[in-house]
Amino acid sequence: RMFHDDELEESEKFYVGQPRVLLLIYALYNTLVARSEMVCYFVIILNHMISASVITLVLPILIFLWAMLSVPRPSKRFWMTAIVYTEVAIVIKYFFQFGFFPWNKYVDYTKDKPYHPPNIIGIEKKEGYVHYDLVQLLALFFHRSILKCHGLWDEDEKGDSSSNKDDTDDELSLPGGRRDSSASLKSVNLAASVESIHVHFPEQQTAIRRKSSSSVSQLSHRSSFSSHRSKRGKYRGIYGVVKSHCDLCCFRTLQVYVPIRQFFYNLIHPDYSAVTDVYVLMFLADTVDFIIIVFGFWAFGKHSAAADITSSLSEDQVPEAFLVMVLIQFGTMVVDRALYLKKTVMGKVIFQVILVFGIHFWMFFILPGVTERKFSQNTVAQLWYFVKCVYFGLSAYQIRCGYPTRVLGNFLTKSYNYVNLFLFQGFRLVPFLTELRAVMDWVWTDTTLSLSSWICVEDIYAHIFILKCWRESEKRYPQPRGQKKKKVVKYGMGGMIIVLLICIVWFPLLFMSLIKSVAGITNKPLDVSITITLGGYQPIFTMSAQQSQLKDLNQTGFNAFLGSYRGNTAALQFLEGYGKEDITLADLEGNSNSLWTISPPSREKMIQGLLDFSAEFTVVLSWSIQRTLERVYPYYIKAPSDSLAKPIKQLLSGMYCGWENITVSLVKNVSDEGVREWWVLNQLGKRYKTSEESLELFVFSDKVSPPSLGFLAGYGIMGLYASVVLVIGKFVREFFSGISHSIMFEELPNVDRILKLCTDIFLVRETGELELEEDLYAKLIFLYRSPETMIKWTREKT
């Protein structure tokens with residue numbers, strides 16, 4: 001050993017001998033210390049998510065546009081700004097908690113209003129108004145202590161003091177007093193490292209300086225303009241004051257502008273660049289946000305908290321809020337892909353600034369007005385914003401490190417194993433994703449290939465990558481020659497495929513059978529109406545049964561009902577799918593609920609039709625639709641999940657006929673108000689005997705599928721077969737058929753040379769060798785046109 005210390009060795013032994021729980025706590029603390037700045041960022045963002053006010057909005061924006069863009073780390077000035085700003089925010093919130101402010105007298109009324117000014121600013125009175133601010137301040141002081149322990153707190157101060165000699169802070173001194181009067185112009189260097197841009201300010205000349213000056217140039221200057229001073233002497237004092245104020249305003253503006261300009265200039269033109277590539281992580285963050293929008297779109301709209309995307313789409317309605325959020329999210333993903341392919345850091349910086357301000361303005365000022373609820377009460381929007389903050393952090397890291405020089409292939413094609421293979425194939429199965437990526441890459445990448453040639457190279461590369469993965473897996477898990485396949489492989493892979501195919505074939509039948517019998521919901525009728533019409537004339541009877549007139553069968557009545565159909569196979573088979581909770585007995589009163597209003601000519605014509613026994617006279621009974629019946633009154637009606645109700649033929653045929661006879665009588669009431677007529681109907685064969693004139697009707701209600709699965713059950717068995725079995729079967733058939741036509745492209749023992757040729761095409765394209773790109777592409781096409789050359793190129797290396 002080069003160095004040995006007994007105390008350190010004893011300390012190490014003591015540390016290793018600690019319990020695992022304590023070691024875990026040590027490790028978590030060390031992780032916390034190593035990433036203390038990330039803890040501060042997280043607490044600041046969390047505070048803003050919960051508070052959602054203008055006061056807490058400043059620090060998150062400074063994080064994404066200042067702290068995370070600083071190289072190599074945020075300066076002491078940022079942390080001091082965050083600490084002081086948090087302390088001031090705590091004092092301001094505390095000050096406005098007193099009850100003498102007018103808006104604090106109606107807190108219960110205004111606390112949920114998103115556009116109430118105190119709520120927007122963050123000075124409303126509430127419980128725990130400062131808890132998260134104190135946690136934020138604690139995290140900031142914790143990070144400050146960590147920096148001090150490592151000697152990094154005063155490092156920026158020393159660097160600033162040495163660099164400020166050439167910086168703008170020393171050059172931008174107040175005009176008019178600290179330099180010699182002969183130095184009438186002062187130079188401001190805006191970008192000393194790259195270019196010199198000088199801004200000149202004339203010195204402020206007061207009356208005292210002019211009198212005390214003895215310079216010859218100034219004497220000659222005064223003598224040449226003595227006549228003008230005599231005429232405009234009274235205006236000179238006013239002009240000097242105004243001019244000095246203008247110079248001071250320009251000076252203050254430049255004091256703010258110059259450091260910001262220099263910061264972003266150094267960011268875009270760094271002296272050194274630690275190139276990295278986090279586009280994949282940014283894409284995943286955007287994808288998660290996209291999924292949140294799709295499954296939680298109701299959180300971004302008005303009066304749609306109880307809606308879901310499947311019900312809205314099933315009604316052929318696309319919510320506007322959902323459409324806007326999806327298009328914005330998708331548009332930002334496209335722009336981000338374009339910037340990544342063009343490798344333009346300046347464009348990424350501009351996009352970052354626009355996106356940070358735009359997202360914060362939308363989420364905290366526009367969205368609360370659209371949804372009519374505060375951001376802090378919108379959980380889905382908070383989750384979306386947090387994932388977007390992760391994206392902002394990754395974007396800032398990408399800007400700070402710079403884009404990679406070369407973008408070669410798909411990120412899933414970096415390794416040749418089963419994980420990359422299945423992920424890559426899943427990536428290619430997403431509709432239009434592969435095509436969209438290929439077209440975007442062609443648009444924003446310098447190339448001489450046409451779009452069809454580009455797609456051809458991409459397809460060959462994808463095919464060769466898949467073959468490379470299979471060949472590598474064969475090398476890792478070799479199969480000895482002449483030995484049969486193991487049962488584990490046969491039953492594992494083959495058995496899984498068999499079960500999968502069987503499930504696909506029988507899934508619609510199984511689904512439609514179980515969806516209503518197991519998970520079905522009883523859909524009882526709310527209203528049962530009967531209308532009877534004679535020969536197309538004015539309806540003679542209308543009656544409805546509601547609420548108490550709709551009765552449920554008890555278990556005894558249901559058993560007796562089943563017993564009455566013992567021996568009727570068709571009826572029992574029909575009743576097998578219903579329980580007592582699915583049957584409703586409608587008790588309709590015999591007296592029509594409306595007067596019979598018919599004109600005298602129609603009345604006479606109807607009487608003649610009834611007296612003529614040789615002519616047909618139809619009786620139309622309608623319950624949901626009008627239908628001409630051979631018999632009079634159906635005792636049992638089936639109410640399916642759709643709107644069409646119909647008689648149950650299984651219960652209305654045979655010896656247990658359910659068609660019942662009814663008596664129809666016209667009641668005439670003569671009074672001083674005139675003659676009033678209405679019809680009275682009475683059912684003769686009623687199961688539940690009543691002395692009054694009435695009608696009984698058994699309604700069998702079909703179970704309906706749950707709302708979450710209704711969009712699948714709505715297609716029916718044939719619809720599910722067409723959409724599931726036939727579509728999936730088409731893909732499976734392509735896997736099992738047509739293999740003979742692709743043998744020369746599939747059975748390639750060694751694809752390393754072809755894979756290297758594709759990689760060379762990507763490489764020369766990135767380096768700008770476009771003529772060489774054409775030559776390599778022609779070589780690739782010739783290779784696929786020549787089977788003999790393909791055989792030579794894909795032989796195993798000996």
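Of the contacts in this protein chain with a separation of 6 or more, 70% are between residues 24 or more positions apart. I should say at once that this is a predicted model. The chain has 798 residues, and 36% of them count as buried. Its accessible surface is about 48,300 Å², and carbon and sulfur atoms make up 62% of that. For secondary structure, we have 31 helices and 15 strands.

I'll go through the backbone oddities, then the strands, then one helix near the end of the numbering.

As background, most residues other than glycine have a negative phi, and most peptide bonds are trans. Here are some exceptions.

Start at Ser-51, which lies in helix H3. Is Ser-51 buried or exposed? Its relative accessibility is 12%, so it counts as buried. Apart from neighbours within four places in sequence, Ser-51 is in contact with Thr-56 and Lys-93.

Move on to Ala-52, in the loop between helix H3, residues 36–51, and H4. Ala-52 is not a glycine, yet its phi is positive, near 55°. Ala-52 has a relative accessible area of 17%, and the cut-off for buried is under 20%, so this residue is buried.

The next loop to look at runs between helix H4, 54–67, and helix H5, 76–95, and Pro-72 sits in it. The peptide bond from Val-71 to Pro-72 is cis, with omega near 0°.

Then there is Lys-343, in the loop between helix H16, 320–342, and helix H17, 345–371. Lys-343 also has a positive phi, about 55°, without being a glycine. Why does Lys-343 count as partly exposed? Because its relative accessibility is 25%, and partly exposed covers what falls between the 20% and 50% limits.

Now the strands. Strand E3, residues 527–534, and strand E4, residues 541–546, run antiparallel and are joined by six bridges. Which residue of E4 is the bridge partner of Asp-527? That is Gln-546. The hairpin has six residues between the two strands, and in it Gly-535 takes a positive phi near 60°.

There is also an open sheet of five strands. The order is E5-E6-E15-E10-E11, and the pairing is mixed. Which strands are at the edges? They are strand E5, 550–552, and strand E11, 646–647, each pairing on one side only. At the E5 end, three bridges join E5 to strand E6, residues 583–589, and the two run antiparallel. If you want a residue to find that pairing by, Lys-551 stands opposite Leu-585 in E6.

Last, helix H29, residues 752–766. H29 has 15 residues, and from first C-alpha to last it reaches 21 Å, close to the 21 Å expected at 1.5 Å a residue. Which residues of H29 are buried? The list is Ile-754, Leu-755, Leu-757, Cys-758, Ile-761, Phe-762, Val-764, Arg-765 and Glu-766. Note that Arg-765 and Glu-766 are on that list. What covers these buried residues? The cover includes helix H21, 451–476, helix H30, 770–785, and helix H31, 787–793. After H29 comes Gly-768, with a positive phi near 90°.

To recap the places worth opening in the viewer: the cis bond from Val-71 to Pro-72, the positive phi of Ala-52, the positive phi of Lys-343, and the buried residues of H29, including Phe-762. That is what I have.

Note on methods
Residues numbered from 1 in each chain as written. Predicted model: local features only at pLDDT ≥ 70, side-chain atom pairs only at ≥ 80, totals over all residues. Heavy atoms only, no water. Helix = DSSP H or I, 4+ residues; strand = E, 2+ residues; numbered from the N terminus. Expected span 1.5 Å × (residues − 1). Buried < 20%, exposed > 50% of the residue type's maximum accessible area, 1.4 Å probe, protein only. Contact = heavy atoms within 4.5 Å. Pairing = 2+ DSSP bridges. Areas by Shrake-Rupley, 256 points an atom, 1.4 Å probe, with all protein chains shown as cover.
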